[in-house]
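Biologist: Before I plan anything at the bench, I would like to go through the reasoning behind some of the labels used for this protein. Could you take me through them one at a time?

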Amino acid sequence: MKEDIYGRMRKPDGSIVEQSIAYVPPHLRKKQSEESEQLKRLRQQVKGLLNRLAETNMHSISRQIEDLYQVNSRNNMNETIYKCIADAIISSECVSPYRIIVESSTLITILHTNVGSEIGAFFLQNLATRLNTLIESNNIKVEDKELDNIVLLLCCLYAFKVFHGGFIFEILNKLLIIFEEKHIDLILSILKTIGFNLRKDSPTLIKQLLLDIQKKSSDTCESTTSSRVKFMLEILSAIKNNNVNKIPTSSEQCYSTYIEHIQKVIRTYYKYNKTPAELTISYEDLLNADNKGRWWIVGSAWKGDEQKNINNPQKKDMYDKKLLEMAKKYRMNTDTRKNIFCILFTAEDYLDAFNKLVRLGLKGLQQEEIVSVLIHCLLVYKMYNPFFAYVAQQLCQSNRKYQAFFKKSINVRLEEIDNLKKNQIPILASFLAQMLRNHSLPITILKNVDWGSLNKLTVSFVRQTLIKVLQDIDEEETTNIFLKASKNPTLQFFREGLTLFLSHFLIKNASKDISDSKLELLTNRVKVAQAALNRS
């Protein structure tokens, strides 16, 4: 056979030989050979570094591999490191030594933290797919240790906070469904290696696992499995009761002690005081990554929503049309503002609203939008609705940024108090009073008030706020609220102005509107507040 000028192979009679391999032009053949030579050289470099890997030279080797990431493509580096570690650890006929597994997982964690979280995600996906194929294959023997090595490597990565504990529980549940001799061994090795870590992160799931194993063990009758199950139940109950002494000392004990040692040292290998980004990827997401995409990598397409929309074309809008029209009426002109508005008006209670707002995952200036929309919705009502104050309280407790946003928003309203309607001033006063009572905002929020030139509306707002604060709390709470302004020397003018306002506008003018008993209570609270303000 000879090759013609087009690169096709011809028989002696001149007919073309059909080839399954696609034709590669001559100018690309050289490129392919060059690339394969580069990969071979890279593989040799990585393999040489991994062969010398130990705790003593972890810092230098991790830095050298990080330098290789700068020169080569990340995909080539990820594949090369994974193949080298898989050949050295996973494909072994026996259980790999604990030091090799722990040190390899330490290196992966360092690269995951210093270079990028997609490295940890790449290893996690490959290990999950390999684990799944081995678990679902029917020819698993107890002597085959490939599964053990994968499980132990995953345990170490979890211990170093590369991924969330939910992933381990998904594997445990999958092993629990089959519940054969090999699977029981794997559950045992997971529990003995990182059982106490799992208990620390999610004790309720450990309790549930114990109940599930007890149910499953009642169905098994074989003598070999039943003895293993009894042993596993003993270990689980020891983990549940936090009893370290009941767990037998074995190779897994070496793992846990060495992991604890590495956890103390590993922080010194991270650059710029970084911490590993804990991946919250589910087991199913990793297995379906080729079909749905990798949502955990920035810029990677995910087609799950598109498929759902094709199957359910009627579910285009999450919220009712009337609600969306109302949002449009109140000038909720961006998608973020619309979502916040709809959440506030459709939530079952303040906790439901808070959880939904947190799930939006807003950051920076978008978080300020929550406060802006919340105050806007508060002032829409004709009467005061304490629901918004409870949501605001939860937001301030979750993140101190919201405290600053609420201060800014209320001060803006005070500056533009002339633009507020008559019914909006008592509503805003009631909101601020509730926020002060539950310590979500400090009394120093009023420090921007110009006590020398107060107009009628500002006097009305501050007076209503302070009366509602002082009437509904005891002396101790009054002291705690006003004491916050006494310690700062720069707030001297604020303290003097507020003390004068309390005596002049609250006590003297309140005598006309309030009964004698309430006036006596208010006078007492004012004295306590003034004493707290002037306390040095």
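Modeller: Gladly, and please keep in mind that this is a predicted model. We can begin with F354, which is found in helix α17, a helix covering residues 350–359.

Biologist: Why is F354 called buried?

Modeller: The relative accessibility of F354 is 13%, and buried means under 20%, so F354 counts as buried.

Biologist: What makes a residue a contact of F354, and which residues are in contact with it beyond its neighbours within four places in sequence?

Modeller: Contact requires heavy atoms within 4.5 Å, and with those neighbours left aside, F354 is in contact with Q394, L395 and S398. As for I343, which is eleven residues from F354 along the chain, the C-alpha atoms of the two are separated by 8.9 Å.

Biologist: How many disulfides does the structure hold, and how do you know that C155 is not bonded to C156?

Modeller: The structure holds zero disulfides. A disulfide needs two cysteine sulfur atoms within 2.5 Å, whereas the sulfur of C155 is 6.8 Å from that of C156, the closest cysteine sulfur, and therefore too far for a bond. C342 is likewise in no disulfide, with the nearest cysteine sulfur, in C377, 9.5 Å away.

Biologist: Are C155 and C342 buried or exposed?

Modeller: With the limit for buried set at under 20%, C155 counts as buried at 1% relative accessibility, and C342 is buried as well, its relative accessible area being 0%.

Biologist: What does UniProt list for residues 150–169?

Modeller: An unreviewed UniProt entry lists residues 150–169 as "transmembrane region"; in the model this span is 75% helix and 0% strand, and its end C-alpha atoms lie 15 Å apart.

Definitions and conventions: Residues numbered from 1 in each chain as written. Predicted model: local features only at pLDDT ≥ 70, side-chain atom pairs only at ≥ 80, totals over all residues. Heavy atoms only, no water. Buried < 20%, exposed > 50% of the residue type's maximum accessible area, 1.4 Å probe, protein only. UniProt positions renumbered as here; feature names shortened; annotations may be inferred. Helix = DSSP H or I, 4+ residues; strand = E, 2+ residues; numbered from the N terminus.
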